[in-house]
Amino acid sequence: MSPVGDAEDTPHYHGHRERLRNRFREAGEASLADYELLELVLFRSIPRRDVKALAKELIRRFGSFAEVIAAPPSRLREVEGVGESVVTDIKIVEAAARRIARGAVAKRPVLSSWSAVIDYCRTAMAFADKEHFRVLFLDKRNGLIADELQQTGTVDHTPVYPREVVKRALELSATAIILVHNHPSGDPTPSSADIKMTRTIGEIAKALGVTVHDHIIVGRDGHASFRGLGLLE
């Protein structure tokens, strides 16, 4: 077959894929738009088809690269062209991001690496479509003993049982805790119910020698710290 024939038979997206990979290698992820970074993920899942249109549709549907990666598998499957291999590779990226963010928190005293704590909380929960309530349990040096998802609720409510939270802290011999939950609406502003629940946990915990260092609410639009807002004593 002639060189001309080879060029004609080579799918047009082959050159695009290599150019995109080269740009990533040479200039880093900051040089890529969200849909282009997503294309790099999709290259593995869909090796023999142009994936630019699919990447753009996923970004259009969910809003950003981070929101695509965090989207529930059931919602990803609603997008035409998304099969199990695509869902699996997207969820692998999400799991890797969480492991990296959690590793940064686990290696150092939590209160001296606060930005890493916020990054981890946002990575783990900010783009979830339901409310999740988790607790970071700390030792007397503010090192992370455990990070546990306590409850999963609906789009605007998660049942929280203050006595169970404190009981678990005592089981783990934790001397302090950080409460974390997300607002799927995107707005991290604490609600009156959030404030009441936090104060209840704080009162029970204090009586048993456990300190509530903070309650962090995360959402697509940022985060809110009860300590920073003056909502904790």
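These are legends for a set of views of a predicted model, starting with the whole protein and moving in on single helices, loops and residues.

**View 1. The whole protein, a chain of ten helices and five strands.**
Start by zooming out: the secondary structure adds up to ten helices and five strands. The radius of gyration is 22 Å, while the globule rule gives 17 Å for 233 residues, so the protein is more spread out than a compact globule. Put a box around the C-alpha atoms along the principal axes and you get roughly 85 × 35 × 30 Å. Of contacts between residues at least 6 apart in sequence, 58% join residues at least 24 apart.

**View 2. The surface and the charges of the protein.**
How much of the accessible surface belongs to carbon and sulfur atoms? The share is 52%, out of a surface of about 12600 Å². Buried residues, for their part, make up 45% of the 233 residues. As for charge, the protein carries 33 positive and 32 negative charges, and the mean positions of the two sets are 5 Å apart.

**View 3. Helix α9 and its buried residues.**
Helix α9 runs over residues 162-171, and its buried residues are Pro162, Val165, Val166 and Ala169. Look down the axis of α9 and these buried residues fall within an arc of 90°, so they line one face of the helix. What do the buried residues of α9 pack against? Their partners are two strands, β1 (132-138) and β3 (176-182), along with helix α10 (192-207).

**View 4. Ser173, just after α9.**
Follow the chain out of α9 and you reach Ser173, in the loop that leads on to β3. Its backbone is worth a look: phi of Ser173 is near 60°, a positive value in a residue other than glycine. Is Ser173 buried or exposed? With a relative accessible area of 55%, Ser173 is exposed.

**View 5. Asn142 and Gly143 in the loop between β1 and β2.**
Asn142 sits in the loop between β1 and β2 (144-152). Asn142 also has a positive phi, near 65°, and is a residue other than glycine. Asn142 has a relative accessible area of 19%; the cut-off for buried is under 20%, so Asn142 counts as buried. Gly143 lies in the loop between β1 and β2 too, and at 16% relative accessibility Gly143 is also buried. Leaving out residues up to four places away in sequence, Gly143 touches Phe137 and Leu138. If you want a longer ruler, try Gly219: it is 76 residues from Gly143 along the chain, with 25 Å between their C-alpha atoms.

**View 6. Val87 in helix α7 and the residues in contact with it.**
Val87 belongs to helix α7, which spans residues 84-106. The relative accessibility of Val87 is 4%, which makes it buried. Which residues are in contact with Val87, leaving aside neighbours within four places in sequence? They are Pro73, Leu76, Arg77 and Val82. Arg49 is 38 residues from Val87 in sequence, and the C-alpha to C-alpha distance for this pair is 16 Å.

**View 7. Gly83, in the loop between α6 and α7.**
Here the view shifts to Gly83, which is found in the loop between α6 (73-76) and α7. Gly83 has a relative accessibility of 30%, so it counts as partly exposed. How far apart are the C-alpha atoms of Gly83 and Ser45? The separation is 8.8 Å, for two residues that are 38 residues apart along the chain.

**View 8. Asp119 in helix α8.**
The last stop is Asp119, a residue of helix α8 (residues 114-125). Its relative accessibility is 48%, and Asp119 counts as partly exposed. Ala104 is 15 residues away from Asp119 along the chain, and the C-alpha atoms of the two are separated by 9.2 Å.

Note on methods. Residues numbered from 1 in each chain as written. Predicted model: local features only at pLDDT ≥ 70, side-chain atom pairs only at ≥ 80, totals over all residues. Heavy atoms only, no water. Helix = DSSP H or I, 4+ residues; strand = E, 2+ residues; numbered from the N terminus. Rg over C-alpha atoms; globule rule 2.2 N^0.38 Å. Buried < 20%, exposed > 50% of the residue type's maximum accessible area, 1.4 Å probe, protein only. Contact = heavy atoms within 4.5 Å. Areas by Shrake-Rupley, 256 points an atom, 1.4 Å probe, with all protein chains shown as cover. Lys, Arg positive; Asp, Glu negative; His and termini not counted. Charge placed at Lys NZ, Arg CZ, Asp CG, Glu CD. Arc of directions from axis to C-beta.
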